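Me: I'm new to this one and would like a close look at a single part of it. Please walk me through the salt bridges, and give me enough of the surroundings to place them.

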Amino acid sequence: QWSTQWSTKASKTWKPRVPALTEDEERKARKMKKKLREIAALEDWLATGESLDVLQQKKVESKAEFEDCEIMRKLREGYRRCELPAKSLDVTK
């Protein structure tokens, strides 16, 4: 999966090509990051002495599942994030 390429600069230095997430993986990564942010907010809330409802507790308990999913592993391994095409705001369609 890792390959190499020569830069197009005059120096002709060697640079490793870093693998990137696909657009579908990028969408999933964004969803996972959002869920992890929500869990972090719930953990902060819990740390202040507040109580969580059953669904919030389940979400906090599922943190390890989100962190250990394949996409999050790829991000930890250094996969490059990709740019997603902008959604069309044309309301006439």
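Reply: One term before we start: a residue is called buried when its relative accessible area is under 20%, exposed when that value is over 50%, and partly exposed in between. Keep in mind, too, that what you're looking at is a predicted model.

Here's the setting. The protein chain has two strands and four helices, and along the sequence they come in the order β-β-α-α-α-α. Of its 93 residues, 22% are buried.

Now for your part. Side chains of opposite charge can pair when their charged atoms come close. Within a cut-off of 4 Å between a side-chain nitrogen of Lys or Arg and a carboxyl oxygen of Asp or Glu, the count here is seven salt bridges. Let's go through some of them.

Start in helix 4, which covers 70-76. Glutamate 70 and lysine 74 form a salt bridge there, with 3.8 Å from N to O. These two sit four residues apart in helix 4, so about one helical turn separates them. Their surroundings are worth a look: glutamate 70 is partly exposed, at 49% relative accessible area, while lysine 74 has just 14%. Because that value is under the 20% cut-off, lysine 74 counts as buried. The pair also has company, as salt bridges with shared partners link Glu25, Glu70 and Lys74 into one network.

That brings in glutamate 25, which you'll find in helix 1. With a relative accessible area of 15%, glutamate 25 is buried. Who touches it? Apart from neighbours within four places in sequence, glutamate 25 contacts Ala20, Ile71 and Lys74.

Stay with helix 1, which runs over residues 23-47, and move along to glutamate 38. Its side chain meets that of lysine 59 in a salt bridge, 2.6 Å from N to O. Lysine 59 belongs to helix 2 (residues 54-61) and glutamate 38 to helix 1, so this pair ties together parts that are 21 residues apart in sequence. Both ends are partly exposed: lysine 59 has a relative accessibility of 28%, and glutamate 38 has 29%.

Further along is glutamate 43, whose side chain forms a salt bridge with that of lysine 63, this time at 3.3 Å from N to O. Glutamate 43 is in helix 1 and lysine 63 is in helix 3 (residues 63-67), so the parts tied together here are 20 residues apart in sequence. Glutamate 43 is partly exposed at 28%, and lysine 63 is partly exposed at 25%.

If you'd like a landmark between those two glutamates, try alanine 41, also in helix 1. Alanine 41 is partly exposed, at 44%. Its C-alpha atom is 9.7 Å from that of valine 60, a residue 19 places away along the chain.

To finish, here are some charges that are not in salt bridges. Patches take in residues without a salt bridge, and one patch of positive charge on the surface gathers Arg27, Lys31, Lys33, Lys34, Lys35, Arg37 and Lys87. Lysine 87 sits in the segment after helix 4. At 76% relative accessibility, lysine 87 is exposed, whereas lysine 74, back in the network with Glu25 and Glu70, is buried.

Note on methods. Residues are numbered from 1 along each chain as its sequence is written. This is a predicted model: local features need pLDDT of at least 70, side-chain atom pairs count only at pLDDT 80 or more; totals for chains, interfaces and linings use all residues. Side-chain values use heavy atoms; hydrogens and water are left out. Buried means under 20% relative accessible area, exposed over 50%, partly exposed in between (1.4 Å probe, protein chains only). Patches are made of residues with over 30% relative accessible area and no salt bridge: like charges are joined within 9 Å, nonpolar side chains (Val, Leu, Ile, Met, Phe, Trp, Tyr) within 5 Å. Accessible areas come from the Shrake-Rupley method with a 1.4 Å probe; for residues, only the protein chains shown count as cover. Lys and Arg count as positive and Asp and Glu as negative; His and the chain ends are not counted. The place of a charge is taken as NZ of Lys, CZ of Arg, CG of Asp or CD of Glu. Contact means heavy atoms within 4.5 Å.
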